[in-house]
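Visitor: I am new to this structure. Please choose one part, look at it closely, and show me how it fits with the rest.

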Amino acid sequence: MPTIQSVAGQLEPHPDVALVARVRDGDVSAYDTLVRKYERQLFRIAQHITQNREDAEDVMQDAFLKAYEKLEQFQGNSKFYTWLVRIAVNESLMRLRKRRTGKMVSIDEDIETEEGSVPRDLADWAPDPEQNYGQAELAEILRKTIQGLPQGFRIVFVLRDVEGLSTEETAETLGLSVPAVKSRLLRARLQLRERLSRYFHKKKGLMETGIVK
Amino acid sequence: MTCKDFLALLDDLIDDEVSPNMRTELQTHLGRCGHCEVVLNTTRKTIEIYRSHEIYDLPTDLRERLHSAIMARCKKGC
């Protein structure tokens, strides 16, 4: 049975590279594998941007179809996943534009706010504060909180911190400079922290008496 | 180091992108500034909570339906 020999010190190619090559050779089942691998992430990213479930379903489908059609244009100098995310982000923004009947939508929206750039709430949180909420209630708090962020901060936070793209990949995906990504990320993190504080504070006194879980 | 200086390097500290010397300076500031300690810990917790909780779930039946629709169109050449 043939084995793949890895040369010491040489980086293994990303497994997506071989899958993409197979798709280019006409093997649709390899694309099936790629879709399975990334459909959850794409759906999540589309939901975060469009904030609408039906739009997210459409975006996810359109993004995978577009990527399939344009696979010849994929250069291979970025990761397939990053390329796919870029398509999904653009599709999501287009979907928002349609919903707002042509009104300009961009990732620069509302970023002029100074809100949250200086921490104001300096009280400590309860240990494991999420334990004080049920799963559904916690998810609702997290959704509401992140939906309140300006679009341009939300997308950067989602790509960088939730989906795990590097700063450079996030910059490339959104067509932003690295310093712009860094500045948006800091402000997104601080704003989210500030907004979550109201739910996660230590409840002094009540905690010890057992009135509050 | 002031709190403002600390805040400017907060992300680098969280993402582990500071030099050993800078880390020592940041630790020294943290040792005497409870407010910055709270901001650091709660910001870390914010990221961790968003990373570990699925807030937009894709149910299996919907996932399968969308998956089949995508693949059916790819097989037809889109």
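Guide: Start with chain A, which has nine helices and zero strands. The model is a predicted one. Along the sequence, chain A reads α-α-α-α-α-α-α-α-α. It has 213 residues, and 37% of them count as buried. Take its contacts between residues at least 6 apart in sequence: 69% of these join residues at least 24 apart.

The part to look at is helix H4 of chain A, residues 80-99. First, its setting. Chain A is divided into domain 1 (15-99) and domain 2 (129-209). Taken over C-alpha atoms, the two domain centres are 24 Å apart. Domain 1 brings 10 residues to the contact between them, and domain 2 brings 11. On the domain 1 side, H2 and H4 of chain A each supply at least two residues. That side divides into four nonpolar residues, five polar and one charged.

Now the helix itself. H4(A) has 20 residues and reaches 29 Å from its first C-alpha to its last. At 1.5 Å a residue, 28 Å would be expected, so the two values are close. Its buried residues include A:Phe80, A:Tyr81, A:Trp83, A:Leu84 and A:Val85. Further along come A:Ile87, A:Ala88 and A:Val89. A:Glu91, A:Ser92, A:Arg95 and A:Leu96 are buried too. An α-helix has 3.6 residues a turn, so residues three or four places apart point the same way. What covers the buried residues of H4(A)? The cover includes H1, H2, H3, H6 and H7 of chain A.

Two residues of this helix also stand out in the largest nonpolar core. That core has 54 residues. Those touching the most other members are A:Leu42, A:Ala46, A:Met60, A:Ala63, A:Leu84, A:Ala88 and A:Phe157. The core draws at least three residues from each of domain 1 and domain 2 of chain A. Apart from it lies another core, of five residues, among them B:Phe6, B:Leu26, B:Cys36 and B:Val39.

A:Ala46 ties several of these pieces together. Leave aside its neighbours within four places in sequence. A:Ala46 is then in contact with A:Ala88 and A:Ser92, which are both buried residues of H4(A). It is also in contact with A:Asp55, A:Ala56, A:Val59 and A:Met60.

A loop residue gives another landmark. A:Ser166 is found between H6 and H7 of chain A. The C-alpha atoms of A:Ser166 and A:Thr82 are 10.0 Å apart, although their places lie 84 residues apart along the chain. A:Ser166 counts as partly exposed because 15 other C-beta atoms lie within 10 Å, and 20 or more would make it buried.

Next, the partner chain. In all, 37 residues of chain A are in contact with 27 residues of chain B. H2, H3, H5, H6 and H8 of chain A each supply at least two residues of chain A's side. The largest share, 10 residues, comes from H2(A). Chain A's side divides into 20 nonpolar residues, three polar and 14 charged.

On the other chain, look at H4 of chain B, residues 34-52. Its 19 residues should span 27 Å, and its end C-alpha atoms are 27 Å apart, which agrees. Its buried residues are B:Cys36, B:Val39, B:Leu40, B:Thr42, B:Thr43, B:Thr46, B:Ile47 and B:Ile49. They pack against H5, H6 and H8 of chain A, together with H1, H2 and H3 of chain B.

H5(B) follows. Its 16 residues should span 22 Å, and its ends are 22 Å apart, in agreement. B:Thr60 belongs to this helix. It counts as exposed, because it has 8 C-beta neighbours inside 10 Å. B:Thr60 and B:Asp5 are 55 residues apart in sequence and 47 Å apart in space, C-alpha to C-alpha. Just after H5(B), B:Gly77 takes a positive phi of about 85°.

Last, confidence. Chain B has a mean pLDDT of 94, and 99% of its residues reach 70 or more. For the complex, the predictor gives an ipTM of 0.93 and a pTM of 0.87. Where pLDDT is low, the predicted coordinates should not be read in detail.

How values were computed:
Residues numbered from 1 in each chain as written. Chains lettered and ligands numbered in written order. Predicted model: local features only at pLDDT ≥ 70, side-chain atom pairs only at ≥ 80, totals over all residues. Contact = placed C-beta atoms within 7 Å. Helix = DSSP H or I, 4+ residues; strand = E, 2+ residues; numbered from the N terminus. Nonpolar A, V, L, I, M, F, W, Y, C, P; charged D, E, K, R; others polar. Core = buried A, V, L, I, M, F, W, Y, C linked by C-beta atoms within 7 Å. Buried ≥ 20, exposed ≤ 12 C-beta atoms within 10 Å, placed from the backbone. Domains from an automatic or database assignment. pLDDT = per-residue confidence, 0-100.
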